[in-house]
Amino acid sequence: MWVVCYVRAVHVIFIDGNELRAAEIRAIAPALELRVEPLQTGFATAAPEPEHKARDKVRAHVIARACFAEAVDLLTIEGKSLRLELDSENERRFCKWWRETPAEMQLRVAYRREGADAIEIIAAACRGRIADKPAGPEQLGWDRLFVPDGEQRTLAELTADGDVVAFRRDAYEQLARVLGA
């Protein structure tokens with residue numbers, strides 16, 4: 001007996017993303033037909049928290065299609081954001097100073113359903129440590145500075161090799177579900 005399953009493709013705009021991250025998301029949720037688009041001209045956010053930053057990116061996008069944006073932060077286990085330390089130092093000095101520090105990467109995915117005004121948030125987190133040195137593609141930003149628990153390579157290196165870490169898989173599978181894919 002054959003069972004036929006149909007997967008409904010959902011067209012969605014990935015705001016301020018890059019093709020490397022989009023490839024990772026396509027591997028996680030192939031029913032999401034992604035189109036990467038830059039931020040709108042003149043966009044700026046002063047929001048330091050990843051939830052507000054991701055939400056601001058979606059808010060700035062004027063297209064009524066389904067869309068999403070992501071933002072991340074690195075926190076010490078005590079809950080201190082490392083954002084200011086990274087902004088005031090280059091990546092190599094940051095890793096030298098903070099290397100091996102237990103940390104948590106916070107991921108926030110803000111999304112808007114097609115035709116909707118409301119912006120919703122998906123939150124995910126991953127424990128790990130700060131890398132000894134930045135490694136992986138530069139376009140993956142802070143992923144170059146973070147090594148997930150149980151891994152020897154940075155999140156950026158894992159992503160570039162096609163490996164998907166559970167917290168990203170969980171977040172983007174949830175996104176596909178809520179968008180109807």
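Which side chain does the side chain of Gln 106 join through a polar contact of 2.5 Å? The partner is Arg 108. This briefing looks at a predicted model, so please read every value below as computed from that prediction. The protein has 181 residues, of which 45% count as buried, and its fold is built from six helices and six strands. We start with the overall layout, move through the strands and the largest pocket, and come back to Gln 106 along the way.

**Overall layout**
- Read from the N terminus, the elements follow the order β-α-β-α-β-α-α-β-β-β-α-α.
- Contacts between residues at least 6 apart in sequence often span a good stretch of chain: 56% of them join residues at least 24 apart.

**Strand β3 and its partners**
- Strand β3 covers residues 67-76, and nine of its ten residues are buried, so the rest of the structure largely encloses this strand.
- On one pairing, β3 runs parallel to β1, with two bridges between them.
- Within that pairing, Ile 13 has Cys 67 of β3 as its bridge partner.
- β3 also pairs with β4, here in the antiparallel sense and through ten bridges.
- One example from the β3 and β4 pairing is Leu 74, whose bridge partner in β4 is Met 105.

**Gln 106 in strand β4**
- Gln 106 sits in β4, the strand that spans residues 102-112.
- Is Gln 106 buried or exposed? Gln 106 counts as buried because its relative accessibility is 11%, under the 20% cut-off.
- Besides the contact with Arg 108, the side chain of Gln 106 makes a polar contact of 2.3 Å with the side chain of Glu 104.
- As general background, side chains in a regular strand alternate between the two faces of the sheet.
- Leaving aside residues up to four places away in sequence, Gln 106 touches Ala 71, Val 72, Asp 73, Leu 75, Ala 124 and Ala 125.

**The largest pocket**
- The largest pocket has a volume of about 500 Å³.
- Its lining is made up of 24 residues, and those closest to the centre are Lys 53, Lys 57, Glu 70, Ala 71 and Val 72.
- Ala 71 and Val 72 therefore appear twice in this briefing: they are among the residues that Gln 106 touches, and they are also among the lining residues closest to the pocket centre.
- Which elements each supply at least two residues of the lining? They are β1 (10-15), α2 (50-60), β3 (67-76) and α3 (83-88).
- β3 gives the largest share of the lining, with four residues.
- By residue type, the lining holds eleven charged, nine nonpolar and four polar residues.

**Two residues with positive phi**
- Most residues other than glycine have a negative phi, which sets the scene for two loop residues here.
- Asp 16 has a positive phi, near 60°, and is not a glycine.
- Asp 16 is found in the loop that links β1 to α1 (19-28), and its relative accessible area of 36% makes this residue partly exposed.
- Glu 100 is the other example, with a positive phi of about 65° in a residue that is not a glycine.
- Where does Glu 100 lie? Glu 100 belongs to the loop between α4 (91-98) and β4.
- Glu 100 is partly exposed, with a relative accessible area of 41%.

Note on methods:
Residues numbered from 1 in each chain as written. Predicted model: local features only at pLDDT ≥ 70, side-chain atom pairs only at ≥ 80, totals over all residues. Heavy atoms only, no water. Buried < 20%, exposed > 50% of the residue type's maximum accessible area, 1.4 Å probe, protein only. Polar contact = N/O pair within 3.5 Å; in protein donor to acceptor, adjacent residues only side chain to side chain. Contact = heavy atoms within 4.5 Å. 1 Å grid on protein atoms, 1.4 Å probe; cavity = no way out; pocket = protein on both sides within 12 Å on 5 of 7 lines; lining within 4 Å. Points joined across faces, edges and corners; volume = space filled by probe spheres on them. Nonpolar A, V, L, I, M, F, W, Y, C, P; charged D, E, K, R; others polar. Pairing = 2+ DSSP bridges.
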